[in-house]
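Let's walk through how the sheets, helices and aromatic rings fit together here. Have a look at the model, then follow the questions below.

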Amino acid sequence: MKTNIGVFFGGRSTEHEISVISANQAMHAIDRSRYDVTPVYISKQGRWYTGEALLDVANYRDMASLLAKCTPVYMRPVFGDFNLYKEKKPLFGSDVAAHLDVVIPVLHGSNGEDGTFEGILDSIGIPYAGCDTLASANGMDKITMKMILRDCDVPVVDYVWFTDKQWYSSRDKLIEKIESEIGYPVIVKPANLGSSVGIGRAADRDQLIERVADAEKYSTRIIVEHMVENLKEINCSVLGDCDEYTTSVLEEPIKSGEILSYTDKYMGGSKGAKGMQASQKRIPAELPQEMTDRIRFLAGETFRALGCHGVSRVDVIVDADNDNIYVNEINTIPGSLSFYLWEATGISFDKLMDRLVQLALKRNRERAQKTVSYDANIFSMGGGVKGTKGKLK
């Protein structure tokens, strides 16, 4: 029997639609002579569905019609149970919709890429591709990510961070800190979103207040960073695990304004473009060899320091005035799974998907060798148990 891959996508995220596009690209790239594919769509309301109709992006134009053709499903929080169950048990026959052998999450943004979904998979014990709960959470949160990278001597721009409640209680002090430690212009970002959602430039105090008001709509934690004005944005994908990985060729996304926007990334400046591969870019990026090598090294170090796994994309900033390089962020589930970067590196999309499956299975085998509990039952040993009422007899 062929290995059955469950591809999960959609989700309760501002990047929901991009996830649908990325997942459909990935599912159509999987070699069906080797693997079966079970699509699992998570709606914006958090309901799970499966069905063949999910494999056609055109069907998502009419969500009511699409979901009427699909089966609501769920997984049980039982370790070792890799079945996908029908929400409504039939009168006759099995309530198992599919048995999954491995999962590939293609959930961009919050409630998916941030480790919450990976925690569900960890509790079930099913092999899955990509970063684990810890690496996903640290990679998603721009504040903790920069703390870790800075401690590992990976260069990041200067920043100040705070919560939305701190902003309301200590706004004047925070503004003074930003102005004294960073200075204008700055970039204001929600700490745990991607795809340039909620991000804005501030050139003075009034704009700073406006940008923070926008960012806090999306996150309770805000980061304000020094803005490199004369910059190049360069992306590099990394494939493997934190002990053994490969870096891709580099790309330079082409932005239409001061900041690479959601439209720049996913719409390619034209109606109907699909996914991250549709954005305008230079591949490979036109950079000196020494700078190319340095960026690929820093991308690998970012992947290693955060304990990443599977395929990620590391975005860096090059200050064109002095050639300083800073790691901006990591996307642990990148748009389109960065397949276009790997194709340019010599790895086809179907081979990339195969590599993700093999990495998932390898990690699961390695985890199975670790001790997570003891067979001994201390309650059967007799005597008192300190801190409890009474004694066991």
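Q: Which strands does helix H10 (residues 289–305) lie across, and at what angle does it run to S13?
A: This is a predicted model, so keep that in mind throughout. Helix H10 lies across strand S12 (231–241), S13, strand S15 (309–319) and S16. Its angle to S13 is about 125 degrees.

Q: At what angle does helix H12 (residues 349–368) run to S15?
A: Helix H12 lies across S12, S13 and S15. Its direction relative to S15 comes out at about 115 degrees.

Q: Which strands stand at the edges of the sheet with the order S14-S13-S12-S15-S16?
A: That sheet is open, with 5 strands and antiparallel pairing. An edge strand has a single partner strand, so one side of it is left without a neighbour in the sheet. The two that fit are strand S14 (281–282) and strand S16 (325–331).

Q: What is the bridge partner of Glu252 in S14?
A: Strand S13 (residues 244–253) and S14 run antiparallel and are joined by 2 bridges. In S14, Glu252 has as its bridge partner Arg282.

Q: In the sheet of 7 strands, what does the twist average from one strand to the next?
A: This open sheet has the order S6-S5-S4-S3-S2-S1-S7, with mixed pairing. Strand S6 (96–99) and strand S7 (102–106) each have a single partner strand, so they stand at the edges. From one strand to the next, the twist averages 35 degrees.

Q: Which residue in S7 is the bridge partner of Val7?
A: S1 and S7 run parallel, with 5 bridges joining them. For Val7, the partner in S7 is Ile104.

Q: At what angle does helix H3 (residues 116–124) run to S7?
A: Helix H3 lies across S1, S2, S3 and S7. Against S7, helix H3 runs at about 175 degrees.

Q: How do the rings of Phe8 and Trp48 meet, and which kind of aromatic pair is this?
A: Their centres are 5.3 Å apart and the planes make 75 degrees. Planes over 60 degrees apart count as edge-to-face, so the Phe8 and Trp48 pair is edge-to-face.

Q: Are Phe8 and Trp48 buried or exposed?
A: Buried means under 20% relative accessible area. Phe8 has 0% and Trp48 has 15%, so both count as buried.

Q: Which residue joins Phe8 and Trp48 in one aromatic cluster?
A: Phe8 is in strand S1 (residues 3–10) and Trp48 in strand S3 (residues 48–50), 40 residues apart. The cluster they form also includes Phe117.

Note on methods: Residues numbered from 1 in each chain as written. Predicted model: local features only at pLDDT ≥ 70, side-chain atom pairs only at ≥ 80, totals over all residues. Heavy atoms only, no water. Phe/Tyr/Trp six-rings, centres within 6.5 Å; stacked < 30°, edge-to-face > 60°. Helix = DSSP H or I, 4+ residues; strand = E, 2+ residues; numbered from the N terminus. Buried < 20%, exposed > 50% of the residue type's maximum accessible area, 1.4 Å probe, protein only. Pairing = 2+ DSSP bridges. Axes fitted to C-alpha atoms, helices over the stretch in contact; angles between N-to-C directions. Contact = heavy atoms within 4.5 Å.
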